[in-house]
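The following report looks at internal cavities, aromatic pairs and one enclosed helix, with the criteria stated as each term comes up.

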Amino acid sequence: MALCSIDRIEVFDLRYPLPSGAGSDAVHTDPEYCLAVTWLESSSGCTGTGFALTLGEGNRLVCEAIEMLVRPLQGRPVEDLMAEFGSVARERANDPMLRWLGPHKGVVHLALASITNACFDLWARSRGVPLWKLLLDLSPEQVVRLLDLSYLEGALEEREAVELLRVQARTRGEREAILQHGYRGYDTSVGWMAYDDAKVRELTERALSMGFTALKLKVGSWDRSRDLRRAAMLRECVGDQGVLMFDANQQWTMPAAREMCRELATLNPLWIEEPTHPDDLMAHVALSREIAPIKVAIGEHIPNRVVFKNFIDAGAMHFVQADCTRLAGVSEFLAVSLLAKKAGLPVVPHVGDMGQIHQHLVLFNHIAMGHEALFLEHIPHLRSHFSFPAEVEAGRYRTPQEPGASTELKELARRG
């Protein structure tokens with residue numbers, strides 16, 4: 001294990017234009033995938049890369065926040081930092097000069113995601129192991145020390161989190177086979193909002209030929225008949241055995257959500273995602289009850305563990321779409337995963353990282369926490385920019401073997 005400290009810190013505002021129509025949904029009509037990147041380097045030559053996803057000009061705001069929040073990590077030995085990372089995360093999230101801007105949401109929280117993810121990547125790379133293995137090799141107590149569980153009192157105590165991991169450790173050997181056969185993916189990139197019907201059909205046929213059995217379509221168009229036509233077309237393409245998800249990206253008001261969810265329910269989707277404003281807890285409670293047995297998925301824009309706690313407690317969601325580039329990084333993702341496990345809810349991440357980090361986290365969730373291995377979203381649009389892009393074969397994510405969190409970007413790797 002290399003001796004490693006954080007001796008150099010840089011922040012990068014990286015932006016990647018997308019092919020025509022790619023990434024579009026009901027709200028984000030002309031996106032540019034942007035990464036607010038934290039880059040850490042040790043004098044020993046070890047580097048760590050973390051990022052949060054944005055879709056445009058706001059990327060520079062996140063980068064400016066990273067520069068302010070990352071300063072206290074300068075010079076810290078990585079092993080010492082990560083041994084008490086839960087305390088570090090709490091202290092950074094409660095920075096008295098910046099907390100007012102959240103708290104624990106928005107630009108500041110996105111910046112914390114980038115910083116935290118860089119720390120985990122550096123830690124795994126310094127140990128020479130992939131992130132999933134680093135996490136699996138930790139004791140339950142060590143895992144819990146990575147987490148900030150403040151404000152979860154009564155919902156998830158430290159002793160409960162440790163005990164949950166201990167109990168699951170007794171049977172984790174039964175779940176380790178997933179490391180060999182891979183984690184099932186679902187394809188989001190077939191159904192972007194701006195794609196015409198012919199494009200959706202073409203990409204659906206390609207996805208099916210690649211082994212995907214689950215596909216997602218963007219809905220929330222101003223023309224509801226277009227949504228219904230496209231949804232029925234996709235069901236026809238995949239057949240009765242294929243798994244469909246529909247994603248409204250927060251576009252519908254509550255009356256529209258009621259109407260459209262009932263219409264789309266006839267096509268038997270696994271879930272309907274972000275059916276209305278992500279802050280409207282009671283609307284999600286009502287929809288979850290009214291459209292049963294169709295389920296609601298939400299989390300892409302839930303900013304922190306406290307809001308997840310409230311949605312889970314209220315019965316407002318069935319699938320927990322936590323994202324380590326929306327939450328404050330890997331650490332808060334794991335806290336939300338423990339909350340979900342205690343509540344008996346599955347975690348199916350949204351992948352603002354294009355699946356690079358989450359391919360590690362879902363393995364840990366399944367093996368160490370006992371979460372059901374369902375699906376991991378697949379979005380391939382930035383894969384050419386990563387040194388070790390996520391690999392999907394026969395519709396399954398291959399288990400990454402390279403050290404780190406799979407976040408190294410080619411253009412920054414050349415600096416190291």
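## Cavities and their linings

Helix α3 provides the largest share of the lining of the largest cavity, namely five residues. The structure is a predicted model, in which local features need pLDDT of at least 70 and side-chain atom pairs count only at pLDDT 80 or more, whereas totals for chains, interfaces and linings use all residues. Residues are numbered from 1 along each chain as its sequence is written, and side-chain values use heavy atoms, with hydrogens and water left out.

A cavity is here a set of points, on a 1 Å grid over the protein atoms alone, where a 1.4 Å probe fits but cannot get out, and its lining residues have an atom within 4 Å of a point. Grid points are joined across faces, edges and corners, and a volume is the space filled by probe spheres set on the points. The count comes to six cavities of 30 Å³ or more. Helices (H or I, at least four residues) and strands (E, at least two) are DSSP runs, numbered from the N terminus. In the table, Ala, Val, Leu, Ile, Met, Phe, Trp, Tyr, Cys and Pro count as nonpolar, Asp, Glu, Lys and Arg as charged, and the others, Gly among them, as polar.

| Cavity | Volume | Lining by class | Helices supplying at least two lining residues |
|---|---|---|---|
| Largest | About 150 Å³ | eight nonpolar, three polar, four charged | α3 (85-93), α4 (106-127), α14 (330-343) |
| Second largest | About 80 Å³ | nine nonpolar, one polar, one charged | α5 (131-136), α6 (140-145), α7 (158-169), α15 |

Of the 15 residues that line the largest cavity, Phe-85, Ala-89, Ala-93, Thr-116 and Ala-328 are the closest to its centre. The lining of the second largest cavity includes Leu-135, Pro-140, Leu-165, Arg-172, Phe-364 and Ala-368.

## Helix α15 and the loop after it

Phe-364 and Ala-368 are among the buried residues of α15, where buried means under 20% relative accessible area, exposed over 50% and partly exposed in between (1.4 Å probe, protein chains only). Because 12 of the 12 residues of α15 are buried, this helix is largely enclosed by the rest of the structure. It is followed by Gly-370, which has a positive phi, near 80°. In the loop between α15 and β10 lies His-371, which counts as buried at 5% relative accessibility. Leaving aside residues up to four places away in sequence, His-371 touches (heavy atoms within 4.5 Å) Ser-337, Ala-340, Lys-341, Leu-345, Pro-346, Val-347, Asn-365 and His-366.

## Aromatic pairs

Rings of Phe, Tyr and Trp (its six-membered ring) pair if their centres lie within 6.5 Å, and planes under 30 degrees apart count as stacked, over 60 as edge-to-face and the rest as tilted. A search of the whole structure finds six such pairs. The ring centres of Phe-51 and Phe-386 are 5.9 Å apart with the planes at 35°, so this pair is tilted. Its members are 335 residues apart, with Phe-51 in strand β3 (residues 47-54) and Phe-386 in the loop between β10 (376-378) and β11 (392-393), and both are buried.

Tyr-186 and Phe-375 form an edge-to-face pair, at 6.3 Å centre to centre and 90° between the planes. Since Tyr-186 lies in strand β4 (residues 183-191) and Phe-375 in the loop between α15 (358-369) and β10, the pair ties together parts that are 189 residues apart in sequence. Tyr-186 is buried with a relative accessible area of 0%, and Phe-375 counts as buried at 4%. These two residues belong to one aromatic cluster with Trp-271 and Phe-319.

Key. 1 Å grid on protein atoms, 1.4 Å probe; cavity = no way out; pocket = protein on both sides within 12 Å on 5 of 7 lines; lining within 4 Å.
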